[in-house]
Amino acid sequence: MNSKFSITRRAVLAGTAALALVLPAGMALAGNVKVAAIYTLPVEQQWISRIHLALNAAKDRGEIDYVFSENVANTDYERVMREYAEQGVQLVVGEVFGLERAARKVAADYPETAFLMGSSFGAVAPNFSVFDNWIHEPSYLSGMVAGAATESNVIGMVGGYAIPEVNRLMNAFMEGARAVNPDVKFLVNFIDSWYDPPKAKESAFAMMDAGADIMFAERFGVADAAVERGVKAVGNVIDTSGDYPNTILTSALWHMEPTIDRAISAVAGGTFEAADYGQYSFMGYGGGSLVVDKTLVPAEVLTKVEETEKSIMEGMFRVNVNDERPVSDK
């Protein structure tokens with residue numbers, strides 16, 4: 001392990017030392033793009049895993065040399081960003097929720113390095129681009145499945161933090177459920193952690209005790225509770241149906257490849273500039289999709305969901321974006 005990154009549980013180095021990205025506008029790079037990712041949690045965490053998957057795919061295609069650091073504390077994040085920039089990494093990818101100002105200061109200090117960061121805020125010229133998992137569209141569709149499936153008309157929802165990126169997915173899910181079942185009610189709780197399966201599981205049990213027979217599993221731990229109680233669950237970001245057979249009705253999936261591939265291409269071509277890459281998580285760009293367990297969802301429900309998905313893809317139906325904190329029904 002590189003001693004500079006001893007703060008992480010694991011720092012993986014792929015490829016040779018990078019050359020500084022100092023190019024006239026429009027001049028293409030020679031050789032692979034040198035990419036580094038900085039993650040505040042393990043790469044196994046669902047949100048981060050999608051970025052890691054997309055970067056590994058580009059590495060496997062021979063397009064990039066990829067290094068990453070995981071479990072980087074917010075207090076160390078700025079230092080690690082600077083170290084990668086000093087090493088000559090040409091594209092730095094990560095998430096800066098909770099340390100926006102520090103990250104943007106680093107980017108300003110290294111204008112020849114491209115930064116692509118998960119963020120709640122906007123891009124900043126010349127080199128700080130942003131992205132997010134805008135999967136509100138498949139989240140709406142998964143809500144339709146849940147709304148049709150509930151028998152108690154009570155759905156439980158356990159989230160990490162009540163930030164816009166989470167709120168919009170949960171609100172879209174709720175709207176989709178209400179579209180097919182106006183009588184459905186929601187129990188909503190945030191555990192104020194990105195990774196605390198025991199706490200999420202405890203919250204899920206409390207909702208089931210209050211009558212929830214479908215659980216929205218925004219965090220790990222909720223599906224485990226659903227299995228123990230024999231209720232159904234809806235996944236988020238990744239497909240965990242193989243780990244929880246006969247439990248996961250449907251999942252809204254995030255595909256980071258459209259975002260990552262565009263950023264890599266821009267860096268390689270010398271055309272990278274500050275931009276909001278959020279749109280590339282939309283279904284129309286292949287950044288989001290829905291997976292359904294057809295053995296658990298009735299054909300008539302699936303037909304209605306597929307019709308709505310078609311309307312979304314054709315631009316005839318727009319899912320509302322609501323970043324407000326969702327609350328339980330009274």
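This report walks through two helices that pack together, one shorter helix, and one exposed residue in a predicted model.

## Helices H4 and H9

Let's start with a helix pair. H4 covers residues 136-149 and H9 covers residues 299-313; their axes lie 10 Å apart and make an angle of about 160°. Angles over 145 degrees count as roughly antiparallel, so that is how H4 sits relative to H9. Their crossing is right-handed.

Who does the touching? On the H4 side, the contact is made by Glu137, Tyr140, Leu141, Met144, Val145 and Ala148. H9 brings Val301, Lys304, Val305, Thr308, Glu309 and Ile312. Sorted by class, that gives eight nonpolar residues, three charged ones and one polar one. A handy bit of background: an α-helix has 3.6 residues a turn, so residues three or four places apart point the same way.

## Helix H2

H2 runs over residues 74-86, which is 13 residues. At 1.5 Å a residue, H2 should span 18 Å, and its end C-alpha atoms are 19 Å apart, so the two values agree.

Tyr77, Val80, Met81, Glu83, Tyr84 and Ala85 of H2 are buried. The buried residues of H2 pack against strands S2, S3, S4 and S5, and against helix H3. After H2 comes Gly88, with a positive phi near 90°.

## Val327, out in the open

Val327 is in the segment after H9. Its relative accessibility is 56%, so Val327 counts as exposed. Even so, Val327 has company: setting aside neighbours within four places in sequence, it is in contact with Met174 and Val188. Gly221 is 106 residues from Val327 in sequence, and their C-alpha atoms are 21 Å apart in space.

Note on methods
Residues numbered from 1 in each chain as written. Predicted model: local features only at pLDDT ≥ 70, side-chain atom pairs only at ≥ 80, totals over all residues. Heavy atoms only, no water. Axes fitted to C-alpha atoms, helices over the stretch in contact; angles between N-to-C directions. Helix = DSSP H or I, 4+ residues; strand = E, 2+ residues; numbered from the N terminus. Parallel < 35°, antiparallel > 145°, perpendicular 65-115°, else oblique. Left-handed = near helix turned anticlockwise from the far one by under 90°. Contact = heavy atoms within 4.5 Å. Nonpolar A, V, L, I, M, F, W, Y, C, P; charged D, E, K, R; others polar. Buried < 20%, exposed > 50% of the residue type's maximum accessible area, 1.4 Å probe, protein only. Expected span 1.5 Å × (residues − 1).
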